[in-house]
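The following report describes one protein chain. It proceeds from a single side chain to the helices, cores, salt bridges and surface around that side chain.

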Amino acid sequence: MRLKKLRKLLPIIGIVIFIYIFQKLGWEQILHSFENINPWFIIITVLIAPILIFFQTLKWALILKHQDINLPFWELVKIQVISSFYGIITPGRLGYFIKILYLKDKAKISTAKALTSIIVDRLIDFMVVFILGAIGAIVVINYYANITSHIIAAVVTIFIIELIFASKKVQNFFINLIVRFLIPSRFKEKANNFFGEYLKHSLNPFKQYTNIFLTLIVWALIYTQLYLVGLSFNIREINYIYFLILPPIATMVSLVPITISGLGTREATLMGLFSLFHVPATKIFTMSL
């Protein structure tokens, strides 16, 4: 019962942080920040969105092609947009996995096969954001000495993930442990069939070199949008390069499923990072929104 209550309370933590920051800054100052906004940078940001969706869909389409799943590109675009919406409104962006349902229905494939493409896509995203965030962490390491332990923990984590998903034998080992000790006896046969189908179609995400490059473009576009929004609020203390390597740290923090779409945790992290460059907290908060 305690665990169930904890799961219900976790998504509220980020919202509480958000409300705290909002009250501390003051709604008058926040509204004042919006009064001096430059709309042209916002317009450019919006115009980048279709380009971003195109590259997001293209990298997913390449994964599907490796799995002999062929759907019209426009169908994939629609699924991508829908999943992005559900990703925004769910803790840890777990709603992104709604792609499985649409892909299963459109391509007439099993749930396990649909799941593999989503996992590979998300793992590549995580890897690229991790690399950018690690570079950003090195930049601020002189300011936050204790970040060294975080970098070490992140490196160990990414190594373990790579070890698991790069080898079908290793995946099979962990899956057997899960089925043996965590799955009830009456579900073991179905679980074995599901994971067997999954392993059959799984790909090594760390060998998808074209996809990794496209993912780098995707995240560069996302952080370029953030940079343009920052310019619209007249944030000029930070150059473009820092917008590519510091926000990824906030992205990784926002993936922790304690809030909706990183609300609160993202703002708090960005405020901490950008305060090193003496950017007013109100500007950072409104930019993040």
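Trp60 is found in helix α3, which covers residues 39-66. The model in which this residue is seen is a predicted one. With a relative accessibility of 0%, Trp60 counts as buried, because the limit for that class is under 20%. Leaving aside residues up to four places away in sequence, Trp60 touches Leu76, Ile79, Gln80, Lys99, Leu103, Ser117, Ile118 and Asp121. The C-alpha atoms of Trp60 and Leu214 are separated by 9.8 Å, although these residues are 154 residues apart along the chain.

**Overall architecture**

The secondary structure consists of 14 helices and 0 strands. Read along the sequence, the pattern is therefore α-α-α-α-α-α-α-α-α-α-α-α-α-α. Of the 289 residues of the protein, 44% count as buried. Among contacts between residues at least 6 apart in sequence, 72% join residues at least 24 apart. The accessible surface comes to about 16,100 Å², and 70% of this area belongs to carbon and sulfur atoms.

**Two helices in detail**

Helix α6 comprises the 30 residues 111-140. At 1.5 Å a residue, α6 should span 44 Å, and the distance of 42 Å between its end C-alpha atoms agrees with this expectation. Helix α6 is mostly covered, since 22 of its 30 residues are buried.

Helix α12 (247-254) is mostly covered as well, with 6 of its 8 residues buried. The buried residues of α12 are Pro247, Pro248, Ile249, Ala250, Thr251 and Ser254. What covers them includes α6, α10, α11 and α13.

**The nonpolar cores**

In soluble globular proteins, nonpolar side chains tend to be buried together. In this model, the largest nonpolar core has 38 residues, and those with the most contacts inside it are Phe243, Phe274, Ile284 and Met287. At least two residues of this core are supplied by each of α3, α6, α10 (209-232), α11 (240-245), α12 (247-254), α13 (265-274) and α14 (281-288). Helix α10 provides the largest share, namely 10 residues. The surroundings of Phe243 may serve as an illustration: apart from residues up to four places away in sequence, Phe243 touches Tyr223, Leu226, Tyr227, Ile238, Phe274 and Met287. A second, separate core has 23 residues, among them Ile79, Ile109, Ile119 and Tyr198. Ile79 is also one of the residues touched by Trp60.

**Salt bridges**

A search of the whole structure finds 6 salt bridges. The table presents a selection of these pairs.

| Pair | N to O distance |
|---|---|
| Lys59 and Asp121 | 2.6 Å |
| Glu75 and Lys78 | 3.4 Å |
| Asp121 and Lys99 | 3.6 Å |

Which parts of the chain does the pair Lys59 and Asp121 tie together? Lys59 lies in helix α3 and Asp121 in helix α6, so this salt bridge ties together parts that are 62 residues apart in sequence. Both Lys59 and Asp121 are buried.

Asp121 also forms a salt bridge with Lys99. That pair links distant parts of the chain, with Asp121 in helix α6 and Lys99 in helix α5 (residues 99-107), 22 residues apart. Lys99 is buried, as is Asp121. These residues belong to a network of salt bridges that links Lys59, Lys99, Asp121, Arg122 and Asp125. Lys99 and Asp121 are also among the residues touched by Trp60.

The pair Glu75 and Lys78 lies within helix α4 (residues 73-88). Because these residues are 3 residues apart in that helix, about one helical turn separates them. Lys78 is partly exposed, with a relative accessible area of 36%.

**A nonpolar patch on the surface**

Nonpolar side chains are also found at the surface, where Phe173, Phe174, Leu177, Ile178, Phe181 and Leu182 make a patch of about 610 Å². Phe174, one of these residues, lies in helix α8 (residues 168-181). Is Phe174 buried or partly exposed? Its relative accessibility is 36%, so Phe174 counts as partly exposed.

Terms used. Residues numbered from 1 in each chain as written. Predicted model: local features only at pLDDT ≥ 70, side-chain atom pairs only at ≥ 80, totals over all residues. Heavy atoms only, no water. Patch = residues over 30% accessible without salt bridge, like charges linked within 9 Å, V, L, I, M, F, W, Y side chains within 5 Å. Areas by Shrake-Rupley, 256 points an atom, 1.4 Å probe, with all protein chains shown as cover. Salt bridge = Lys/Arg side-chain N within 4 Å of Asp/Glu carboxyl O. Helix = DSSP H or I, 4+ residues; strand = E, 2+ residues; numbered from the N terminus. Buried < 20%, exposed > 50% of the residue type's maximum accessible area, 1.4 Å probe, protein only. Expected span 1.5 Å × (residues − 1). Contact = heavy atoms within 4.5 Å. Core = buried A, V, L, I, M, F, W, Y, C linked by side-chain atoms within 4.5 Å.
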